[in-house]
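Reader: I would like to go through the terms used for this model one by one. Could you help me see how each label is earned?

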Amino acid sequence: MLLIYCPYCEVERSELEFACRGEAHIARPADPSTQSDEEWAEYLYLRTNPKGVHAERWRHIHGCGRFFNAVRDTVSDKFLKVYKTGEPKPGLEAIAKEANQ
Amino acid sequence: MKRYSFLELAKNAFSAHHNWGRQWRAPEPKAEYDVIIVGAGGHGLGTAYYLAKEHGIRNIAVIEKGWLGGGNTGRNTTIIRSNYLWEESAALYNHAVKLWDGLSQDLNYNVMYSARGVMMLAHTVHDIQVFKRHVHANRLAGVQNEWLTPEEAKEYCPPLNISKNIRYPVVGAALQRVGGTARHDAVAWGYARAADELGVDIIQNCAVTGIRRAADGSVEGVDTAKGFIKAKKVGVVAAGHTSVLMDMAGIRVPLESNPLQALVSEPVKPAFPCVVMSNTIHAYISQSDKGELVIGAGTDQFVSYSQTGGIQIPIHTIDAICELFPMFRRMRMLRNWGGTVDVTPDRSPIIAKTPVPGLFVNCGWGTGGFKATPGSANVFAHTIAKDEPHPIAAPFSLERFRTGRLIDEAAAAAVAH
């Protein structure tokens, strides 16, 4: 079972309190009516699915209920960085490099 | 190839079964093939077999990172059924069920297909509505599926607890009598042996590290741990690692890879006559011919290639099984493992040509690919050989995510995800 740090509650809790909500930093198109079918397919269905470092949204459903973002290695399942919603996407390559040292 | 028969068995008994010989060769890769299949699971080996048998292409290699049948083919819970909702799916899974019947004879290899019946339990009003809709849709599509009352369900599966005082009482069930199980390893081995006999090179322990494209954009071949291998056509059948491989060709596929777990108990005498599954409280159980209870757990809800999952997931399944089958409460579990499954947004597979000429993909089987192995392999081989989708495979294109013509089987897929 994973241990996850909630950046709002500032505590580490078991995975049971959290729910993963998919890849982070996917913005809904600002002007939907101008989007082509390809762009809609990309927004709705295409995800990165990397074998390695991944930025994703988590929600502390049985705690504060808030969304936050996390960088996690999808091979070891280890959390490498946790940050609040609205903060910019960190450089995944740099985090991966640091984790491998 | 030595043809397996009763006579052969008797003959080998005299030499204490020491002289059976290898079932397939271990060749070094040639410089060039007509078709390369990436991934030696059931679907990949089956594809090679049908390409050689039905389409006359003999210069084929199946390249595998690990050992053949060591991925999801060797990790699943071996259930076979075809009671999916939509006509497209019914056609695909029924094609597979038809091929299962007679596969042992076709391959001259006992895949131990046993049509013992698959029963899906209903626990809520919503379940009743969904399953009855499935039963009616299946009847119209020519797929066998029937509705049972709780009493009829208990008659079919005596260990079932249908008392009203459990948390989620059984209020009915959908039964597909032609559903059942098969020996998963034997399916991979049978296809491997039969394909090898037809000249297919199975190259194990050789990871594909790149997919090369020519100046015109078409596929040129694959880079592997054993060097570059040229091929006009490449079929990727790599389950959870499909995204990684398609990235090498610069193609994004609508997949997410999740861990899926299963477990087996200690072997006991025959006690469980059929396959029982419950989507609502997530129980998923059958008994193997060896006597172990084979139990399927759920997926972890995040992307992971770890081939392990959280312990809370199998515990959740065991809770449900203990309530539905009280006689298993003191059963000890032997082993628990995980695989990496590739899940599509609509829970239906992708069997398709890709935007790269000569590159084909068979993926997205999610939590339920084993049942479709022969059908999937058969239509994918046709798709590769003819360079156009088999009529059954045509709806399962990559384009459906752009056109919106999805095949939503979220309710038919047994595992909630």
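Author: Gladly! Let us begin with exposure: a residue is buried under 20% relative accessible area, exposed over 50%, and partly exposed in between. Please keep in mind that this is a predicted model.

Reader: Why is K53(B) called partly exposed?

Author: The relative accessibility of K53(B) is 41%. Partly exposed covers what lies between under 20% and over 50%, so K53(B) counts as partly exposed.

Reader: What makes K53(B) and D106(B) a salt bridge?

Author: The test asks for a side-chain nitrogen of Lys or Arg within 4 Å of a carboxyl oxygen of Asp or Glu. In this pair the closest N and O atoms are 3.2 Å apart, so K53(B) and D106(B) form a salt bridge by that rule. K53(B) lies in helix α2 of chain B and D106(B) in helix α4 of chain B, so the pair ties together parts that are 53 residues apart in sequence. D106(B), at 31%, is partly exposed.

Reader: How do you know that the salt bridge of E42(A) with R252(B) joins two chains?

Author: E42(A) sits in helix α1 of chain A, and R252(B) in the loop between α8 and β12 of chain B, so two chains are joined. The closest N and O atoms of E42(A) and R252(B) are 2.5 Å apart, and the cut-off is 4 Å. Over all chains, the search finds 22 salt bridges.

Reader: Why is C6(A) said to be in no disulfide?

Author: A disulfide needs cysteine sulfur atoms within 2.5 Å. The nearest cysteine sulfur to that of C6(A) belongs to C9(A) and is 3.7 Å away, so the pair fails the test. For C64(A), too, the nearest cysteine sulfur is that of C9(A), at 3.7 Å. Over all chains, the count is 0 disulfides.

Reader: Is C6(A) buried or exposed?

Author: Buried: C6(A) has 0% relative accessibility, and the label applies under 20%. C64(A), at 32%, counts as partly exposed.

Reader: Which residues touch the most other members of the largest nonpolar core?

Author: Those are L45(B), I60(B) and W100(B), in a core of 52 residues. Helix α7(B) supplies the largest share, 7 residues. Leaving aside neighbours within four places in sequence, W100(B) is in contact with several residues, including I80(B), V111(B), V187(B) and F370(B). In soluble globular proteins, nonpolar side chains tend to be buried together.

Notes
Residues are numbered from 1 along each chain as its sequence is written. Chains are lettered from A and ligands numbered from 1 in the order in which they are written. This is a predicted model: local features need pLDDT of at least 70, side-chain atom pairs count only at pLDDT 80 or more; totals for chains, interfaces and linings use all residues. Side-chain values use heavy atoms; hydrogens and water are left out. A nonpolar core is a set of buried Ala, Val, Leu, Ile, Met, Phe, Trp, Tyr and Cys residues joined through side-chain atoms within 4.5 Å. Buried means under 20% relative accessible area, exposed over 50%, partly exposed in between (1.4 Å probe, protein chains only). Helices (H or I, at least four residues) and strands (E, at least two) are DSSP runs, numbered from the N terminus. Contact means heavy atoms within 4.5 Å.
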